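Hi there,

Here is the structure I promised to pass on. Please open it beside this email, and then read on for what I found in it.

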Amino acid sequence: MQCLGDRLGMADGAGRGDASSVDALFAAAYQELRRLARLRLRAGGRNTVLDTTSLVHESYLRLAGAGRLRVEDRTHFLRYAGCAMRSVIVDFVRQRQSGRRGGTVDRITLTTRAGAGVHAGERQILRVHEAIGELARFDARMAQVVEMRYFGGLTETEIAEALQVTDRTVRRDWEKARLWLSEALK
Amino acid sequence: MPRFDIDADTWSALNNLLDRVLDLPPAARIPWIDSLGPEYAALKPRLRDLLSRGAALRTSQILGTMPAFPDLPDVETASPVAGAGDTVGPYRLIRELGEGGMGTVWLAERTDGLIPRPVALKLPRIFWHSAALAERLAREREILATFNHPHIARLYDAGITAEGQPYLALEYVEGRRIDEFVAQARLDLRRLLALLLQVTDAVAHAHSQLVVHRDLKPSNILVTADENAMLLDFGIAKLLEQGEARETELTEQSGRALTPDYASPEQIGGTPIGTASDVYSLGVVFYELLTGVRPYRLKRDSRGALEEAILQVDPARPSEVVQERSMRKALRGDLDWIVLKAMAKERDRRYASAADLAADLRRFLRDEPVEASPPSAAYRIGKFVRRHRVGTAAAALLALALIAGAAGTTAGMLRARRAEASARTEAATAERYSGFLVDMFEAAAPEQSKGRDITAREILRRGAVRIHKELAGEPLLEGRLLTTIGYVYTRLGLYSEARPALDEAVALVRGKGDRANLDLAQALVRRGQAERYLNEPARAESDDREALAILERAYGPNNVKVEPALTELGLLLRARDPEQALRLYRRGYDLLVAAHGESDGYAAVLLQNIGSIHARALRFQEAKDAYERALPLLRRNFGERDPRVGSVLGNLGHVYRNLGDYARAFEVARQGLEVDIFVSGPDHPDVGIASLNLARISDKLGDQRLALDETDRAIAIFAQRYPPGHPLRIQAANFKSGYLIELGRLAEARTTLANSAAVQTASFEARRALLAGQVILAEIERLEKHFLKSQELARGVLADPAVSGDQRLEADARWAHAYALAMLAKTDEAEAARARALDLESAAAHGAAFPGVYAHAKYYLCAGNPDRALAILRDAVAKGFHDPIVLHDPAFAPIAAALLERRK
């Protein structure tokens with residue numbers, strides 16, 4: 001999956017004081033987002049309007065606090081976050097499936113209780129992933145909104161900031177995406 | 001692999017339509033799609049499908065929550081902040097006190113010893129990315145630090161560390177959460193209320209400093225060993241700006257990150273938050289502490305379900321949910337209403353402030369009457385109807401009628417009831433009466449009607465059944481409720497259903513002595529009304545007069561309470577004896593104005609009725625004045641979407657049409673029709689009348705096809721709601737045949753008339769309508785060159801006693817007679833007839849600008865003198881006459897070209 005454009009965009013904003021190289025910064029951000037993706041997977045991602053403080057905020061705070069990101073990088077970071085987290089989560093789910101099929105990577109022992117639900121959950125995540133891909137063929141921004149919200153757990157305001165559009169546009173895209181995806185997810 | 005089976009063009013077309021349709025309220029969406037032109041035919045089914053409930057539901061479930069994998073090893077939880085012994089700004093952490101949605105709380109001490117005691121150090125998990133926010137925090141800290149209240153934990157300090165971690169240092173309170181404390185200490189009610197009063201007073205103090213808490217919940221209220229409640233966490237409180245907090249960056253980031261359990265509807269809805277929001281949260285805390293349960297019972301345990309409940313569901317009364325029997329008794333009544341008032345969904349129904357809530361609690365503790373009271377029947381019915389989709393649009397009307405019915409409906413009755421309610425027994429009856437009405441609605445809730453939409457009709461039918469079953473032996477209450485049900489049927493246009501209910505109501509309250517006077521009079525007035533609609537004038541008059549006599553005897557002739565009977569009688573007599581009707585209206589109007597002033601809404605109703613008398617007598621200028629005075633008053637008193645507003649708009653259309661202002665006429669009539677459809681539903685007789693009215697204007701504007709369509713709509717409605725022979729059914733058929741004639745479809749016009757004339761009718765109005773039909777038939781005969789027949793028909797009409805008094809009908813008949821005579825070349829007789837017709841037109845003109853111009857010209861066409869006809873029309877046109885219908889009337893074909901030429 002391509003999150004490269006955002007990676008470079010973010011890197012342009014780096015370079016304050018003792019800031020690390022572009023690669024190091026990217027690595028730090030990726031580690032951070034990977035951690036978040038796993039947190040989301042463990043807890044299950046709720047997407048409600050009340051969650052106005054997203055985990056992505058905190059990550060940014062951490063990186064910014066460490067002097068690695070500047071305030072202006074925030075937009076890039078947010079945009080990058082949705083894509084990167086989607087990629088981490090999808091990779092994880094795929095690994096898990098192949099693990100059960102006898103692969104050797106990252107095998108996880110399943111408890112019997114969680115088993116059935118987890119299978120369904122994996123399928124659901126992959127279906128959303130694919131549906132977003134399909135949606136992107138017609139409307140790239142609408143697909144990004146879903147990605148940021150579903151995989152990134154970003155709030156409307158953050159998504160609006162990342163995409164440089166109004167909150168209302170984000171809400172409308174989300175509303176429409178939900179309707180469209182009802183066809184693809186049938 | 002999920003795929004969209006669609007091409008890019010279709011996608012973008014549908015996407016554009018989605019944008020437009022999503023701007024509409026949900027109820028308007030499908031009708032809008034239906035109204036799209038044929039070029040959208042291919043897209044419509046898919047658009048409908050996209051917008052179906054099922055579609056939204058499917059994706060909400062899938063996209064709402066990402067699945068969880070709780071077994072995933074948490075390998076990377078590394079959190080750089082916070083461990084015992086760490087320093088955060090000037091504080092050293094001692095031990096963790098707790099963790100919440102907002103962040104962690106530590107017991108900490110200042111490294112520099114500036115505050116000797118340990119503090120509760122709050123480390124919010126929020127993000128700060130600008131220096132402006134740090135300043136803002138500092139400013140708020142200044143204000144919060146000035147709080148000095150025995151039940152509010154002090155804020156000592158707040159700041160942001162070099163790493164960007166914000167912190168708040170609060171007074172450390174040794175105590176337990178209030179809910180745990182209450183559960184364990186088993187306080188009696190008075191001690192519990194005393195504790196709640198401390199909390200409420202503390203909140204009131206903060207409010208007096210213009211600070212709202214925004215996150216009141218049991219975990220923010222600690223109780224010390226000596227039973228002192230301490231309120232924590234004004235950390236996210238927000239400075240009030242002019243009484244209402246604006247969402248700023250700070251509050252957006254922290255203010256709404258709450259556990260929703262105690263959040264107010266405005267917090268959920270994201271609208272501005274004020275002190276009322278705290279009052280609501282306090283109400284929830286009260287509820288929980290008094291009953292031991294949360295106010296909302298959720299079918300699904302999810303945040304979405306809770307949010308929905310906070311916005312929509314009325315919690316059960318505390319006394320209904322509490323387990324302990326003694327508590328149930330103690331809570332029932334005042335405490336129920338106090339808690340529910342604090343928790344009202346609409347801000348302005350809550351206590352205005354925490355101080356008011358505290359005051360009401362103190363009143364309760366002192367056994368004084370409290371301010372909180374059960375919501376009124378009207379309020380509950382209104383709410384119910386808004387919440388459930390009750391059948392058709394008629395439900396809105398039903399609610400309106402019931403709300404009015406719940407209090408007595410017309411001005412006089414309503415106010416009389418209030419006056420009578422001072423007597424205690426009457427008050428009790430009134431209470432049960434409203435309660436029963438509300439129950440009728442609630443019993444019809446969708447859960448109980450097995451998921452089907454309930455119709456207004458069904459609610460009423462079931463209501464009547466319950467009344468019989470449960471209230472036998474209480475004739476007054478039963479009669480009053482049946483009167484209301486009958487009235488609501490009438491308002492819904494279901495006249496035949498109204499009648500038996502009202503018969504029964506009258507029988508129940510008759511002969512029950514003076515106490516039942518008002519009930520009997522009201523039942524009679526309502527029955528008279530139904531009978532009027534059912535075209536039974538004799539019975540209606542007898543009911544109306546009896547009601548009037550009862551009221552005059554009981555209250556005297558100059559009491560406003562007699563007004564409903566006066567008005568109803570006036571409505572009945574308006575055609576037969578307009579002068580008497582006018583006197584009755586004026587008497588009612590004067591009584592209302594004397595009692596309630598000139599801007600009284602019901603006085604405006606009478607003003608409009610007076611206007612209608614003028615309109616019927618062709619005094620259009622007077623009618624216009626009365627309507628134009630009534631319209632703004634009706635709007636102000638009853639709102640834009642009210643049947644009375646719909647009807648006055650229609651009437652204005654009628655008057656403007658007669659005054660020759662067709663464009664304006666069409667506009668108001670169209671507005672009126674919309675209002676009528678909205679408030680009454682598309683099948684209501686009022687809608688039929690409005691359609692007829694619009695049709696007549698369309699005819700004048702030269703659009704006979706539209707006129708025909710609208711008339712057919714009216715005819716279909718009338719056929720369902722009125723018995724055969726009803727004047728409106730006959731009139732509608734008359735109009736229809738008129739438009740058919742203009743379209744040259746004479747055979748159809750003849751059939752239409754013949755069908756409507758084939759019934760027996762007793763009423764005066766129906767008789768006149770049939771005569772008007774005969775005049776139209778005379779026109780058909782003339783156009784088919786059966787001049788003798790035409791002449792006989794016209795003469796027959798003129799010989800009928802019912803004609804006298806109706807100048808319009810008489811003038812039309814005289815013209816028809818004159819045309820026929822002219823065609824028969826009976827020149828002298830024709831001239832005489834013409835002169836009488838013209839006199840009649842002038843006498844009847846009353847402000848109409850060009851009386852009889854059109855008929856006059858037509859006469860000369862019939863008489864073979866097109867030059868004269870042309871001269872008459874040209875003369876009128878030169879003076880401002882503008883009547884495009886001329887071009888559509890076959891009779892004018894010979895001179896149409898010349899007229900057209902002239903107009904250019």
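Below are my notes, beginning with how to read the model.

**Before you start**

This is a predicted model, in which local features need pLDDT of at least 70 and side-chain atom pairs count only at pLDDT 80 or more, while totals for chains, interfaces and linings use all residues. Residues are numbered from 1 along each chain as its sequence is written, and chains are lettered from A and ligands numbered from 1 in the order in which they are written.

The model scores ipTM 0.79 and pTM 0.48. For chain B the mean pLDDT (the predictor's confidence in each residue, from 0 to 100) is 80, and 79% of the residues reach 70 or more. Residues 74-81 of chain B have pLDDT below 50, and this stretch has 6 contacts in the model beyond near neighbours in sequence. A contact here is a pair of residues whose C-beta atoms, placed from the backbone, lie within 7 Å. Residues 389-394 of chain B also stay under 50, with 17 contacts beyond four places in sequence. Where pLDDT is low, the predicted coordinates should not be read in detail.

**Chain A**

Chain A has 8 helices and 1 strand, and from the N terminus the order is α-α-β-α-α-α-α-α-α. Helices (H or I, at least four residues) and strands (E, at least two) are DSSP runs, numbered from the N terminus. Of the 186 residues in chain A, 47% are buried. Buried means that 20 or more other C-beta atoms lie within 10 Å of the residue's own, exposed means 12 or fewer, and partly exposed is in between, with C-beta atoms placed from the backbone. Among the contacts in chain A with a separation of 6 or more, 70% join residues 24 or more positions apart.

**A small sheet in chain B**

Chain B holds an open sheet of 3 strands in the order 8-10-11, with antiparallel pairing. Its edge strands are strand 8 (176-177) and strand 11, each of which pairs on one side only. Two strands count as paired if DSSP finds at least two bridges between them; strand 10 (residues 221-223) and strand 11 of chain B are joined by 3. Helix 7 (residues 189-208) of chain B packs on this sheet, touching strand 10 and strand 11, and its direction makes about 30° with that of strand 11. That angle is between N-to-C directions and can run from 0 to 180 degrees, with axes being lines fitted to C-alpha atoms, for helices over the stretch in contact.

A229(B) is a good residue to click on, in strand 11 (residues 229-231) of chain B. V223(B) stands opposite A229(B). A229(B) counts as buried because it has 24 C-beta neighbours inside 10 Å. Leaving out residues up to four places away in sequence, A229(B) touches H151(B), I178(B), L195(B), Q198(B), V199(B), I221(B) and V223(B). A229(B) and R176(B) are 53 residues apart in sequence, yet their C-alpha atoms are 9.4 Å apart.

**Two covered helices**

Helix 21 (residues 475-491) of chain B has 15 of its 17 residues buried, so the rest of the structure largely encloses it. The end C-alpha atoms of helix 21 are 24 Å apart, in agreement with the 24 Å expected at 1.5 Å a residue; the expected span is 1.5 Å times one less than the number of residues. After helix 21 comes G493(B), with a positive phi near 80°.

Helix 27 (residues 601-616) of chain B should span 22 Å, and its end C-alpha atoms are 23 Å apart, which agrees. Helix 27 is mostly covered, with 14 of its 16 residues buried. L618(B) follows helix 27 and has a positive phi, near 65°.

**Loops and core**

R186(B) is not a glycine but has a positive phi of about 50°. R186(B) sits in the loop between helix 6 (178-185) and helix 7 of chain B, and counts as exposed because it has 8 C-beta neighbours inside 10 Å.

Finally, the largest nonpolar core has 149 residues, and those touching the most other members include L606(B), V775(B) and A818(B). Such a core is a set of buried Ala, Val, Leu, Ile, Met, Phe, Trp, Tyr and Cys residues joined through C-beta atoms within 7 Å. Apart from it lies another core, of 70 residues, among them W106(B) and I178(B).

Happy browsing!

Definitions and conventions:
Two residues are in contact if their C-beta atoms, placed from the backbone, lie within 7 Å.
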